[in-house]
Amino acid sequence: MAKYLLLKHYRGAPAAVNDVPMDQWTPEEVMAHVQYMRDFAARLQGTGEFVDGQELSPRGTFVRYDGEGRPPVTDGPFAETKDLIAGWMVIDVDTYDRALELAGELSAAPGAGGRPIHEWLELRPFLGAPQTITE
């Protein structure tokens with residue numbers, strides 16, 4: 001088994017096919033999207049492939065150490081994950097092909113008008129995890 005991180009982006013990735021921002025969706029469309037995500041996670045829990053997943057708030061702060069006795073430095077002139085990452089899911093699967101299959105399925109979550117978003121998801125293996133890429 002190898003663990004992979006599936007990242008959902010607010011922006012920064014190529015545009016989705018159904019590229020209506022979530023803040024313009026109806027409450028029913030938001031609920032349908034959230035339910036799709038929950039159902040997807042529940043199914044993967046049943047197969048033992050789900051590790052964890054969370055939605056992220058668009059609020060956040062970059063912080064770094066700035067020396068002994070000095071307050072931490074916050075934010076900066078760079079792209080911040082609060083502007084980019086909408087949520088994540090960790091899966092533990094047998095093969096890279098299975099990770100691709102699940103990422104493709106998750107990309108079909110419904111959006112505006114109830115149509116699949118066809119959003120781009122970032123699929124990243126955990127560092128140190130055995131590579132199971134098959135081609």
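**Salt bridges, helix packing and the nonpolar core**

In this predicted model, Glu101 is partly exposed, with a relative accessible area of 45%. Salt bridges with shared partners join Glu101, Arg98 and Glu49 into one network. Within this network, the closest N and O atoms of the salt bridge between Glu101 and Arg98 are 2.9 Å apart. Both of these residues belong to helix H3, where three residues, or about one turn of the helix, separate them. An α-helix has 3.6 residues a turn, so residues three or four places apart point the same way. Arg98 is also listed among the buried residues of H3, whereas Glu101, at 45%, falls in the partly exposed class.

The count of salt bridges in the model comes to six. One of them pairs Glu105 with Arg43, and here the closest N and O atoms are 2.0 Å apart. Because Glu105 lies in helix H3 and Arg43 in helix H1, this pair ties together parts that are 62 residues apart in sequence. Both partners are partly exposed: the relative accessible area is 29% for Glu105 and 37% for Arg43. A further salt bridge links Asp66 and Arg70, with 3.2 Å between the closest N and O atoms. In that pair Asp66 counts as partly exposed, at 22% relative accessibility, while Arg70 is exposed, at 53%.

The overall architecture places these pairs in context. The protein chain contains three helices and six strands, arranged along the sequence in the pattern β-α-β-β-β-α-β-α-β. Of its 135 residues, 32% are buried. Among contacts in the chain with a separation of 6 or more, 76% are between residues 24 or more positions apart. The accessible surface amounts to about 8,600 Å², and carbon and sulfur atoms contribute 57% of that area.

Helix H3 has five residues named as buried, namely Arg98, Ala99, Leu102, Ala103 and Leu106. These residues lie on the same side of H3, because they cover an arc of only 135 degrees around the axis. The cover over the buried residues of H3 includes the strands S1, S5 and S6 together with helix H1.

The largest nonpolar core comprises 17 residues, and Leu44, Met89 and Ile91 have the most contacts inside it. At least two residues of this core come from each of strand S1 (2-9), helix H1 (27-47), strand S5 (85-93) and helix H3 (96-106). With neighbours within four places in sequence set aside, the contacts of Leu44 are Glu49, Phe50, Met89, Ile91, Arg98 and Leu102. Leu44 thereby touches Glu49 and Arg98, two members of the salt-bridge network described above.

Ile91 is located in strand S5. With a relative accessible area of 0%, Ile91 is buried, since the cut-off for burial is under 20%. Apart from residues up to four places away in sequence, Ile91 touches Ala2, Lys3, Tyr4, Leu6, Leu44, Glu49, Val51, Ala99 and Leu102. One of these, Tyr4, is 87 residues away from Ile91 along the chain, yet the C-alpha atoms of the two are separated by 5.4 Å. Glu49 and Leu102 appear in the contact list of Ile91 and also in that of Leu44. Two of the residues touched by Ile91, Ala99 and Leu102, are among the buried residues of H3.

Burial in the model also extends to a charged residue in a loop. Glu119 lies in the loop between H3 and strand S6 (121-125). Its relative accessible area is 12%, and Glu119 is therefore buried under the 20% cut-off. Beyond its neighbours within four places in sequence, Glu119 is in contact with Lys8, Ala16, Leu106 and Ser107. Of these partners, Leu106 is one of the buried residues of H3.

Confidence in the prediction varies along the chain. The mean pLDDT of the protein chain is 84, and 84% of the residues score at least 70. Among the elements, H1 has the highest mean pLDDT, at 95, and helix H2 (residues 81-84) the lowest, at 56. H1 is one of the elements that each supply at least two residues to the nonpolar core, and Arg43 of H1 takes part in the pairing with Glu105 of H3.

Conventions:
Residues numbered from 1 in each chain as written. Predicted model: local features only at pLDDT ≥ 70, side-chain atom pairs only at ≥ 80, totals over all residues. Heavy atoms only, no water. Core = buried A, V, L, I, M, F, W, Y, C linked by side-chain atoms within 4.5 Å. Buried < 20%, exposed > 50% of the residue type's maximum accessible area, 1.4 Å probe, protein only. Helix = DSSP H or I, 4+ residues; strand = E, 2+ residues; numbered from the N terminus. Contact = heavy atoms within 4.5 Å. Areas by Shrake-Rupley, 256 points an atom, 1.4 Å probe, with all protein chains shown as cover. Salt bridge = Lys/Arg side-chain N within 4 Å of Asp/Glu carboxyl O. Arc of directions from axis to C-beta. pLDDT = per-residue confidence, 0-100.
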